[in-house]
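Let's take a walk through this one together, a stop at a time. Pull it up in your viewer and follow along.

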Amino acid sequence: MERPIVTDPLPPVPPSRRIAEVHARRVWDSRGRPTVEVEVATAAGARGRAIAPAGASTGSGEAVDLRDGGAAFGGLDVRQAISGIETAIAPALIGRDVEAQAALDATMVALDGTHDRSRLGGNALVATSMAIAHAAAAAAGRPLWAWLADRSGSGVPAMLPLPEIQVFGGGAHAGGRLDLQDFMVVAVGADDWRTALDWTAEVYRAAGRLLAEAGRLQGVADEGGFWPAFDDNEQALAMLTQSIEAAGLRPGEDVAISLDIAASNFGRGGRYRMARADGRPRELESGELAELLLGWLRRYPVVSIEDPLAEDDLAGLAAFTEAAGPRVQVVLDDAVVTNAARIRSHAAAGAGNTALIKPNQAGTLTESLAALEASRSLGWDAIVSARSGETEDTTIVHLAVGWGVRQLKVGSFARSERMAKWNEGLRIGETLVEGFALPPRSAFPWG
Ligand code: PGA
Ligand code: ZN
């Protein structure tokens, strides 16, 4: 006689870990635009909350934010994204184990069913994915960074990351006043987080003073960096170097420069239209732009350069990485968009040596972690990054610490959506075994 096949029923999820509520609400970001906040609660009452950030200079392969279109708020409302969470995502997550991050993320990806997350929205997915992690950490009674570190199994000690902090903003974040998007500083000589912030605060103040004295201060750009009215990109580099000196610090020794060229914003098909190449509009070939940037690497204390060529210029990116040499960090953002497969293909082509990790480019924490693991397995470094549209949400700081990522990019040293992240590091450092220590200089290409 045939015996019926009996499958073991899944053990019931205990109330402490059972998702009982997924609630979405519309909140506002640092540009005054609507965005998505999600709260996840377990049956035993543990709660987690997270807010989706938003980019302005996005890579074409990113997870798409779902925006309503129409007249209200420039078409940027997120009511459809909120409704998708309530009607599709919440019913699929309720009753499940809040600790099963990968399975829950996979459920959301399957529910969305598109290659670019355009049905439910990358904004809906990332806010929910991060809220799940917060709720799981709360259920376990652990800070989020510790919860992530416990489970990452990376063997990398939980440490505060080296901050990359913007001083001048340009490109898409400042009305195109400068071609380049971010002029940042990295406190390469600082041993600890607090010192790195102290030095940056002094450089930021000095830069504001020098800019005002030169009559070039126009306010602040989207990420809180000064919005300078320079005639030429290189003037910003010169003034940033002067600002480091004016703060009593040694350029290149204590504090170095990091640039995000964001070249996809002004280049396509290997041709680059710059408004202020040498103070005048010029169209450059890929090789000419590379030469311009390599000249800056020789003349200024620049240790890191992001998106030096456009996302569609793989040959240019590879040639630039080779020419810049192993001591220069070449960061890819738009070309790899926090995607493990893209990181692998770019590494195979010799393009770049460091991946920017922006969870909302991927859509879920699981996919972001896969991108990080891909970069590690290839010998690339990684930088966890905020977006130009941010909020008080500090999840990314916990991701960097918990996942053992050695660098963090958040924008400038002004405005509370940025300062919330730097301040969160000040709290986390009090609880780490390693304290406020930063990774040793020898861990970096410029070491
Ligand atoms: P975004 O830019 O957040 O406006 O897309 C940030 C970056 O390019 O790194
Ligand atoms: Zn970028």
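Let's begin with Val337, which you'll find in the loop between β13 and α9. Bear in mind as we go that this is a predicted model. Is Val337 buried or exposed? Its relative accessible area is 2%, and because the cut-off for buried is under 20%, Val337 counts as buried. The backbone is worth a look too: Val337 has a positive phi of about 35 degrees, although it is not a glycine. Most residues other than glycine have a negative phi. Thr338 also lies in the loop between β13 and α9, and here phi is positive again, at about 55 degrees, in another residue that is not a glycine. Thr338 is buried as well, with a relative accessible area of 2%.

That loop takes us to the metal. Which protein residues are the donors of the zinc ion, ligand 2? They are Asp260 and Asp333, each through OD, and Glu306 through OE, lying 2.0 to 2.3 Å from the ion. Written along the chain, the donors of the zinc ion follow the spacing D-x45-E-x26-D. The pair Asp260 and Asp333 links distant parts of the chain: Asp260 is in strand β8 (residues 256-260), while Asp333 sits in the loop between β13 and α9 (340-348), 73 residues apart. Asp260 and Asp333 are both buried.

Now for ligand 1, where some of these names come back. An oxygen atom of ligand 1 is 3.2 Å from an N or O atom in the side chain of Asp260, and a polar side-chain atom of Glu306 lies 3.3 Å from an oxygen atom of ligand 1. So what you've got is two zinc donors, Asp260 and Glu306, whose side chains also have polar contacts with ligand 1. Ser57 joins in through its backbone, with an N or O atom 3.0 Å from an oxygen atom of ligand 1. How much of ligand 1 does the protein bury? Taken alone, ligand 1 exposes 280 Å², and the protein buries 99% of that. In total 14 residues surround ligand 1, and the closest are Ala56, His173, Arg387, Ser388 and Lys409. By character, the shell around ligand 1 divides into six charged, six polar and two nonpolar residues.

Next up is helix α8, which covers residues 314-324. Its buried residues are Gly316, Leu317, Ala318, Phe320, Thr321 and Ala324. What do they pack against? The partners are α7 (286-299), β12 (302-306) and β13 (329-332). Zoom in on Thr321, which lies in this helix and counts as buried at 11% relative accessibility. A polar atom of the Thr321 side chain is 2.7 Å from the backbone oxygen of Leu317, and a polar atom of that side chain is 2.8 Å from the backbone nitrogen of Gly352. Leaving aside neighbours within four places in sequence, Thr321 is in contact with Val330, Gly350, Ala351 and Gly352.

Just after α8, Gly325 takes a positive phi of about 85 degrees. Carry on into the loop between α8 and β13 and you reach Arg327. This residue is exposed, with a relative accessible area of 52%. Leaving aside neighbours within four places in sequence, Arg327 is in contact with Val303, Pro445, Trp446 and Gly447. One of these, Gly447, has its backbone oxygen 3.4 Å from a polar atom of the Arg327 side chain. For a sense of scale, the C-alpha atoms of Arg327 and Arg47 are separated by 44 Å, with their places 280 residues apart along the chain.

Two more stops. Helix α12 (residues 395-402) is mostly covered, as eight of its eight residues are buried. Those buried residues of α12 are Thr395, Ile396, Val397, His398, Leu399, Ala400, Val401 and Gly402. Gly404 follows α12, with a positive phi near 70 degrees. Over in strand β6 (residues 217-220) you'll find Gln218. Where does its chain come back alongside? Gln218 and Pro228 are ten residues apart along the chain, and their C-alpha atoms are separated by 5.7 Å. Leaving aside neighbours within four places in sequence, Gln218 is in contact with Trp227, Pro228 and Ala229.

Conventions:
Residues numbered from 1 in each chain as written. Chains lettered and ligands numbered in written order. Predicted model: local features only at pLDDT ≥ 70, side-chain atom pairs only at ≥ 80, totals over all residues. Heavy atoms only, no water. Near = heavy atom within 4 Å. Polar contact = N/O pair within 3.5 Å; in protein donor to acceptor, adjacent residues only side chain to side chain. Areas by Shrake-Rupley, 256 points an atom, 1.4 Å probe, with all protein chains shown as cover. Nonpolar A, V, L, I, M, F, W, Y, C, P; charged D, E, K, R; others polar. Buried < 20%, exposed > 50% of the residue type's maximum accessible area, 1.4 Å probe, protein only. Helix = DSSP H or I, 4+ residues; strand = E, 2+ residues; numbered from the N terminus. Contact = heavy atoms within 4.5 Å. Donors = N, O, S within 2.8 Å, 3.2 Å for Na, K, Ca; no water.
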